[in-house]
Amino acid sequence: MSAPAVTSEGQGIATRLLRSAAKRSYDPDVDIDWDAPLVEGAHWMPEHRVSLYGTPLWERLTAEQRIELGKHEACSVASVGLWFETLLMQRLLKDFYAGDPTTERSQCALTEVADECRHSQMFARLVARAGVEPYGAVPAVHQLGKLFSVINWGPAAYASILVAEEVLDRLQREQANDESIQPLMRQVNRIHIVEEARHVAFARDEVTRGLAALSRTELAYQRFICALTSYFVVRSLINPKVYAAVGIDPAEGRRAALANPHHREMIRFGGEKILAFLDEAGMIAGPGRALWTKSFLLER
Ligand SMILES: [Fe+2]
Ligand SMILES: [Fe+2]
């Protein structure tokens with residue numbers, strides 16, 4: 001597929017984003033005090049966002065176990081975040097490889113790779129500091145990830161990137177403003193929020209431009225592959241192994257979470273803004289629609 005033409009508006013977005021990157025970028029090595037002691041008894045995510053919140057399994061947990069489960073879930077989300085950032089970097093590098101490296105759009109793509117490199121280091125370091133296993137996606141999905149930049153390109157790639165980025169962003173904004181959350185977690189979130197705003201603007205433009213250039217067959221393929229990728233991303237956020245950290249059987253915890261209205265609401269809340277955008281852009285249609293609802297991003 002040939003790359004859709006860049007409009008002057010698209011070029012304007014690239015110029016603006018490059019300026020923003022030059023002015024507001026963080027280095028987690030110096031902008032985070034990794035040696036600061038962790039705050040005893042602080043939460044790692046708001047309780048109502050923990051996947052088992054409100055279930056009979058939750059009722060059986062002590063206050064300490066609830067915090068512990070929240071910590072493992074927050075770290076699962078961070079490690080899945082860096083997994084998907086790695087896949088996104090592959091896509092961006094392929095686009096850079098295929099294009100004219102001197103254009104501002106290409107420079108933008110490369111700047112985003114630089115941002116994501118720092119984010120992935122930051123998330124990995126957060127997980128290590130929390131003393132939690134870097135769960136990532138379950139092994140089968142981790143393997144499937146190798147296909148991401150092969151079967152995903154153009155609007156489908158950028159739309160599924162948007163789903164991952166915006167779901168994370170919405171939850172991080174909530175945590176950044178919550179004083180009961182571990183300060184280290186809040187600082188990581190603040191840095192990510194600022195830099196992701198640029199990525200979201202870039203990806204939205206890629207989706208809009210890309211969709212306008214598709215044939216009907218390409219559009220059907222792109223819609224489905226985007227729904228499929230988004231489904232796997234969202235389902236991967238909480239690795240079932242987290243439940244073992246508080247003595248719950250992973251399969252039982254997983255079943256309870258997927259049936260939990262609070263957990264479903266968390267996913268829907270995370271995807272609310274981006275689904276509205278993708279729906280308006282014409283991305284949510286066809287056989288993939290069932291996957292959007294199965295992922296809980298879209299209400300029935
Ligand atoms: Fe990121
Ligand atoms: Fe990003």
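## The first iron ion

Donors are N, O and S atoms within 2.8 Å of the metal, and because water is not among the atoms, a site may look incomplete. In this predicted model, the iron ion (ligand 1) is coordinated at 2.0 to 2.3 Å by Glu 85 (OE), Glu 116 (OE), His 119 (ND1), His 192 (NE2) and Glu 196 (OE). Two of these residues, Glu 116 in helix α5 and Glu 196 in helix α9, tie together parts of the chain that are 80 residues apart in sequence. Both Glu 116 and Glu 196 are buried. Along the chain, the donors of the iron ion (ligand 1) follow the spacing E-x30-E-x2-H-x72-H-x3-E.

## The second iron ion and the bridge

The iron ion (ligand 2) has as its protein donors Glu 116 (OE), Glu 165 (OE), Glu 196 (OE), Glu 196 (OE) and His 199 (ND1), which lie 1.9 to 2.4 Å from the metal. Here Glu 165 in helix α8 and Glu 196 in helix α9 link distant parts of the chain, 31 residues apart, and Glu 165 is buried, as is Glu 196. The spacing of the donor residues of the iron ion (ligand 2) in sequence is E-x48-E-x30-E-x2-H.

How far apart are the iron ion (ligand 1) and the iron ion (ligand 2)? They lie 3.5 Å from each other, and Glu 116 coordinates both.

## His 119 and its surroundings

His 119, which lies in helix α5 (residues 104–130), is one of the donors of the iron ion (ligand 1). With a relative accessible area of 0%, His 119 counts as buried, because that term applies to anything under 20%. A polar contact of 2.7 Å joins the side chain of His 119 to that of Glu 195. Leaving aside neighbours within four places in sequence, His 119 is in contact with Glu 85, His 192, Glu 195, Glu 196 and His 199.

## Helices α10 and α12

The length of a helix can be checked against its number of residues. The 21 residues of α10 should span 30 Å at 1.5 Å a residue, and the end C-alpha atoms of α10 are indeed 30 Å apart, which agrees. Among the buried residues of α10 are Ile 225, Cys 226, Ala 227, Tyr 231, Val 233 and Val 234.

Helix α12 (residues 261–281) also has 21 residues and an expected span of 30 Å, and the 28 Å between its end C-alpha atoms agrees with that value. There is, however, a kink of about 55 degrees in α12, centred on Glu 272. At the start of α12, a side-chain oxygen of Asn 260 comes to within 3.1 Å of the backbone nitrogen of His 262, while the residue that follows α12 is Gly 282, whose phi is positive, near 95 degrees.

The buried residues of α12 include Met 266, Ile 267, Phe 269, Ile 274, Leu 275, Phe 277 and Leu 278. The helices against which the buried residues of α12 pack are α8 (154–176), α9 (183–212), α10 (216–236), α11 (250–259) and α13 (289–294).

## The nonpolar core

In soluble globular proteins, nonpolar side chains tend to be buried together. The largest nonpolar core in this model has 87 residues, and those with the most contacts inside the core are Leu 52, Leu 69, Leu 278 and Trp 292. Helix α4 (residues 63–98) provides the largest share of this core, with twelve residues.

Which residues does Leu 52 contact, leaving aside its neighbours within four places in sequence? They are Leu 57, Trp 58, Leu 69, Glu 73, Tyr 243, Ile 248, Gly 253, Ala 256, Ala 257 and Asn 260.

Key:
Residues numbered from 1 in each chain as written. Chains lettered and ligands numbered in written order. Predicted model: local features only at pLDDT ≥ 70, side-chain atom pairs only at ≥ 80, totals over all residues. Heavy atoms only, no water. Helix = DSSP H or I, 4+ residues; strand = E, 2+ residues; numbered from the N terminus. Expected span 1.5 Å × (residues − 1). Bend = angle between axes of the 7 residues up to and from the residue. Buried < 20%, exposed > 50% of the residue type's maximum accessible area, 1.4 Å probe, protein only. Contact = heavy atoms within 4.5 Å. Polar contact = N/O pair within 3.5 Å; in protein donor to acceptor, adjacent residues only side chain to side chain. Donors = N, O, S within 2.8 Å, 3.2 Å for Na, K, Ca; no water. Core = buried A, V, L, I, M, F, W, Y, C linked by side-chain atoms within 4.5 Å.
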